[in-house]
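Okay, thanks for having me. I'll talk through one structure today, mostly about charged side chains and then about what surrounds them. Have a look at it first.

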Amino acid sequence: GSDSLAPVSAARAAQSGIASAEGKVDLVVELARLAGMPARMVSGVDVARPELPAHVWAEVWTGDRWTAVDPVYGSVPVSPTLLRVTTGSAGRPLALVPLIGSLRTTVLSKTR
């Protein structure tokens with residue numbers, strides 16, 4: 001049902017070990033803040049996943065720059081295929097789909 005797609009809060013994610021993408025990011029943001037590090041949620045697009053390009057990840061201030069952390073895919077730093085659209089908890093990433101429906105990308109690769 002639609003309840004299985006609902007975001008899970010950071011507290012529930014920590015207690016249950018189960019969370020939506022937003023819940024996982026929220027947990028990382030809250031843990032970083034508890035450790036005294038500024039952190040924020042980022043919503044954007046994963047150009048490598050055209051079937052569902054909307055995605056969320058976290059950015060944590062490491063003293064001199066924001067470092068992108070992706071608890072959903074388990075990567076630090078995040079994949080270069082992620083493009084930021086908004087920062088802060090701007091809502092669910094699926095809300096970005098109408099904005100990116102006509103997105104056109106060109107992937108550039110270094111030739112040897």
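So, to start: what do the side chains of Glu-59 and Arg-40 meet in? A salt bridge, at 2.6 Å from N to O. Before I go on, please keep in mind that this is a predicted model.

Where do those two sit? Glu-59 is in strand β2, residues 54-61, and Arg-40 is in strand β1, residues 39-46, so their pairing ties together parts that lie 19 residues apart in sequence. And are they buried or exposed? Both Glu-59 and Arg-40 are buried. For Glu-59 I can give you the figure: relative accessibility is 5%, and the cut-off for buried is under 20%, so Glu-59 counts as buried.

Now, Glu-59 has another partner. Its side chain also meets that of Arg-84 in a salt bridge, 3.0 Å from N to O. Arg-84 belongs to strand β4, residues 82-87, while Glu-59 is in β2, so this pair ties together parts that are 25 residues apart in sequence. Arg-84 has 49% relative accessibility, so it counts as partly exposed. Put the two bridges together and you get one network, in which shared partners join Arg-40, Glu-59 and Arg-84.

How many salt bridges does the structure hold? Three. We still have to meet the one between Arg-33 and Glu-30, whose side chains come to 3.6 Å, N to O. Here both residues are in helix α2, residues 21-34, and they are three residues apart, about one turn of the helix. Arg-33 is at 44% relative accessibility, so it counts as partly exposed. Glu-30 is at 32%, so it is partly exposed as well.

Let's move on to the strands themselves. β1 and β2 run antiparallel and are joined by seven bridges; Ala-39, for example, has Val-60 in β2 as its bridge partner. β1 also pairs with β4, again in the antiparallel sense, over five bridges. There you'll find Gly-44 opposite Arg-84, and Arg-84 is the residue we just saw bridged to Glu-59. How covered is β1? Mostly: eight of its eight residues are buried.

On its other pairing, β2 runs antiparallel to strand β3, residues 66-69, with four bridges between them. One bridge pair there is Trp-61 with Trp-66 in β3. β2 and β3 form a hairpin with four residues in between, and in that turn Gly-63 has a positive phi of about 105°.

Back to charge for a moment, because one acidic residue in β1 caught my eye: Asp-46. Its relative accessibility is 2%, so it counts as buried. What does its side chain make polar contacts with? One is with the side chain of Tyr-73, at 3.4 Å. Another is with the side chain of Thr-81, at 2.9 Å. Leaving aside residues up to four places away in sequence, Asp-46 touches Pro-53, His-55, Tyr-73, Thr-81 and Leu-82.

Then there's the nonpolar side of things. The largest nonpolar core has nine residues: Val-25, Val-29, Ala-32, Ala-39, Met-41, Val-56, Ala-58, Val-60 and Val-69. Which elements give two or more residues to it? Those are α2, β1 and β2. Another core lies apart from that one, with five residues, including Trp-57, Ala-68, Val-78 and Leu-82. Leu-82, you may recall, is also one of the residues that Asp-46 touches.

Let me zoom out to finish. The protein chain has three helices and four strands, and from the N terminus on the order is α-α-β-β-β-β-α. Of its 112 residues, 32% are buried. If you take contacts between residues at least 6 apart in sequence, 46% of them join residues at least 24 apart. The accessible surface comes to about 7,300 Å², and carbon and sulfur atoms account for 57% of that.

If you take one picture away, take the network of Arg-40, Glu-59 and Arg-84, held together by salt bridges that share partners.

Methods. Residues are numbered from 1 along each chain as its sequence is written. This is a predicted model: local features need pLDDT of at least 70, side-chain atom pairs count only at pLDDT 80 or more; totals for chains, interfaces and linings use all residues. Side-chain values use heavy atoms; hydrogens and water are left out. A salt bridge is a side-chain nitrogen of Lys or Arg within 4 Å of a carboxyl oxygen of Asp or Glu. Buried means under 20% relative accessible area, exposed over 50%, partly exposed in between (1.4 Å probe, protein chains only). A polar contact is a pair of N or O atoms within 3.5 Å; within protein, one must be able to donate a hydrogen and the other to accept it, and residues adjacent in sequence count only if both atoms are side-chain atoms. Contact means heavy atoms within 4.5 Å. Two strands pair if DSSP finds at least two bridges between them. A nonpolar core is a set of buried Ala, Val, Leu, Ile, Met, Phe, Trp, Tyr and Cys residues joined through side-chain atoms within 4.5 Å. Accessible areas come from the Shrake-Rupley method with a 1.4 Å probe; for residues, only the protein chains shown count as cover.
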